[in-house]
Structures are given as structure tokens and as C-alpha cells.
Amino acid sequence: MHLDPLDRMLLQRVQDDFPLDPRPYRVLGEALGMPEREVIERLSDLSRRGVIRHIAPILEPGCVGIRSSTLVAMRVPEERMHEVAGIVNEYDGVSHNYRRDDDYNLWFTIAAAGEEELLGILEEIMRRSMIPPGDVLNLPVVRRFKLDVRFRFLTEEDDDGRDR
Amino acid sequence: MDEIDKEILWSTQDGIGLEERPFLHAARRLRISEEEVVARLRRLGQNGVVRRFGTRINPRKADLMANAVVVWNVPGTRVAEIGAAMAESPDVTHCYERRTIPGRWEYNLYTVLHCRDKEDALRRVAALSRATGVADYRVLFSTEEFKRRPSGRIEPAKEPGRVQ
């Protein structure tokens, strides 16, 4: 995927410091020396190419009713992987679900209003997918040290020396 | 958070438009000004409901091809110190302590890294291992994404009098 230096500069700014203003793309353009129209065109292009999923408020799960969350690992027979992943995906509380290259090959997260609801979802997934408890790891969060999904888009050459 | 705040989050959480006045739609729907929409979003950021406002990126499309969950077996007395140290690393997007399953799964600290490729990821993981002295770890690369969506979402208001 080719990202030119202006794309990278724009992505970095839109990710780290999006201006909450009625005309945000004009403000971004002023900061980057780019017309508003070009900001919108470049972002639209990045969005069409799938680099940007969307521009939105990222909510703190604890503030929107999520009190419990866990990570679950399962050992799933290879030939049943897509079937089981499909069952897991059906649940609204499941936000991430990945195949990983390990003995435990399916990893997903469940978030719920409370422990009881969370365990209910997990038990239902296990029952429906017929994965025995010996092949399941339930790994609830004890403590969060960091949750900050931001990336560096500027390479050393076009970096303006700013830390983030 | 009042009902108007909730409506604003509900109508922006899936992404604002790439147009000159992206908050106009929400403002009209709620019969408030765009200035009030952004002022409320700013306030929701200050009080922690909105962790940040900005882009959600698809790392693979931004040339970050490797997504690794690294599970670490950290001595109980050192979890706080090492968790904080790993959280400091800009390579780490998530860092959590999780419950262990004694006898089956002793890993208690979890980090997520998004890197250019596997080699880059393994180099960074090795550096974290050296810096913290934790030698017992496993790197789990994702090989297929089944689901990925924001974990904190707000549900639409249910009352019949909702402004359409």
C-alpha cells in the first residue's frame, strides 16, 4: 500500500490530534498547509483504500456499561475452524476474533455488563461449538496497564522530530 | 452523560462524514448547533467517556502486517513494575494483566504489538524481553481476522420521543 509523505502526515495528525471543530478538515488543512478540499479528498481516498476504517469517538468501555471483559483461547480442530469462528462471531459482546498460529489457535475477546453475563456467553459458545473445557482458556482482565491503539506513520525521514 | 450526549455518541460512533461540515447531520437531528455538538464531544473527552476522537486505522493497510499477542510469565511480585515498563513502549498498543490457570496456563501479562512484519515484531519482542528480564514468553501471530470492531458501543435511546 503506497502512502506518500503527505498521506502519512495527514494520518498521523488525524489519529493523534483530530480538531473538534465544526469544520475539522479546514482546521487540519490550515495546520498542514493544505486546502480543505485536498484534506477531504485524501482522507476519502485513504478510506476507499481501507487504510482508515472511520473517524469517530473512541469510547471508554467502562463508561458505556462494560464492566467485565475477557480473552478466550480455544483449541479448535483445523477442519472446524470456520464453523466455530462463525459461531463466536455471532455474539455482540465479541469484538475481536482471530486465528493465531499456536496450539490454541482461536483467540477472541468477550465484553459484557457483568461477570455473569460474560460467563453465560462463554458457556453458550462452548456448548454450541462443542469445544470441551480442557481445550478452552478463559483469561479475564485483572488490570489494564495500557490501551492505546495508535501507530506511527511518519518514517525517520519525514518525521518532524515530534514525540508521541 | 445526558441524553443529548448519548445521541451524539450514537450518531458519530460509526464514523463522521468526509465532508466540509461532518457534524451538521447530528446537529440538525438533535436541533442544536454544530458548535454545541463539538463542545459536547470535547467535554466527553475531558471526562473520560471518549478516550480519544480520531481515526480507526486498519494496520494491515498501513503496512503494519504483523499483529502479535505476546503472553509473558512474569513473577507475581514484578507484574506492576513490568506491566508499567511494557506499557511505556510505543510498540505496545495493549498491555493487560490477566488471570492464570494454574497448571495449564501460567502467563499473566499480555501485550499486543503491530509491526511491519514478523521479523520486526520478533526483534521488538526480544528487546522487551531483554529490557525486563522476562524470558518465558510466547508470541502468537494472527493469521486470519474473523472479527474486529470497537469494544465500547452505545445503544440507541429507546424512548419513543426520540428526535429523528
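Okay, let's start with R99 of chain A. Which residue is its bridge partner in β5(B)? That would be E144(B). Keep in mind that what we have on screen is a predicted model.

That bridge belongs to a strand pairing across the two chains. Strand β3 of chain A, residues 94-100, and strand β5 of chain B, residues 137-148, run antiparallel to each other over five bridges. Helix α4 of chain A, residues 81-89, packs on this sheet. It touches β3 and β4 of chain A, β4 being 106-112, and also β5 of chain B. The direction of α4(A) makes about 165° with that of β3(A).

Now let's go round the whole sheet. It is a closed barrel of eight strands, and the order is β2(A)-β4(A)-β3(A)-β5(B)-β2(B)-β4(B)-β3(B)-β5(A), with antiparallel pairing. On average, neighbouring strands are turned by 35° against each other, ignoring direction.

There is another pairing between the chains, so to speak of β1 for a moment: β1(A) and β1(B) pair in the antiparallel sense, over seven bridges. If you want a spot to click on there, P57(A) stands opposite F53(B) in β1(B).

How many residues does each chain bring to the contact? Chain A puts in 63 and chain B puts in 67. On the chain A side, the elements giving two or more residues include α1 (5-16), α2 (24-32), α3 (36-48) and β1 (52-59). Also among them are α4, β3, β4 and β5 (136-147) of chain A. The one that gives the most is β5(A), with 10 residues. By class, the chain A side has 37 nonpolar, 10 polar and 16 charged residues.

On to the inside. The largest nonpolar core has 79 residues. Those with the most contacts inside that core come from both chains: V72(A), W107(A), I110(A), A68(B), V69(B) and L113(B). Take V72(A) and leave aside anything up to four places away in sequence. What does V72(A) touch then? The list is F108(A), I110(A), L122(A), V136(A), L137(A), N138(A) and L139(A).

Next, chain B by itself. Chain B has five helices and five strands, and from the N terminus on they run α-α-α-β-β-α-β-β-α-β. Why call chain B more spread out than a compact globule? Because its radius of gyration is 21 Å, well over the 15 Å that the globule rule gives for 164 residues. The C-alpha trace of chain B spans about 60 × 35 × 30 Å along its principal axes. Buried residues make up 34% of the 164 in this chain. And if you look at contacts in chain B with a separation of 6 or more, 60% of them are between residues 24 or more positions apart.

Last thing, a couple of backbone oddities in chain B. R31(B) isn't a glycine, but its phi is positive, near 55°. You'll find R31(B) in the loop between α2 (24-30) and α3 (34-46). Is R31(B) buried or exposed? R31(B) counts as exposed, because it has 8 C-beta neighbours inside 10 Å, and the cut-off for exposed is 12 or fewer.

The other one is D63(B), again not a glycine, with a positive phi near 70°. D63(B) is in the loop between β1 (50-57) and β2 (66-72) of chain B. With 14 C-beta neighbours inside 10 Å, D63(B) counts as partly exposed.

Methods:
Residues numbered from 1 in each chain as written. Chains lettered and ligands numbered in written order. Predicted model: local features only at pLDDT ≥ 70, side-chain atom pairs only at ≥ 80, totals over all residues. Core = buried A, V, L, I, M, F, W, Y, C linked by C-beta atoms within 7 Å. Buried ≥ 20, exposed ≤ 12 C-beta atoms within 10 Å, placed from the backbone. Contact = placed C-beta atoms within 7 Å. Pairing = 2+ DSSP bridges. Helix = DSSP H or I, 4+ residues; strand = E, 2+ residues; numbered from the N terminus. Axes fitted to C-alpha atoms, helices over the stretch in contact; angles between N-to-C directions. Rg over C-alpha atoms; globule rule 2.2 N^0.38 Å. Nonpolar A, V, L, I, M, F, W, Y, C, P; charged D, E, K, R; others polar.
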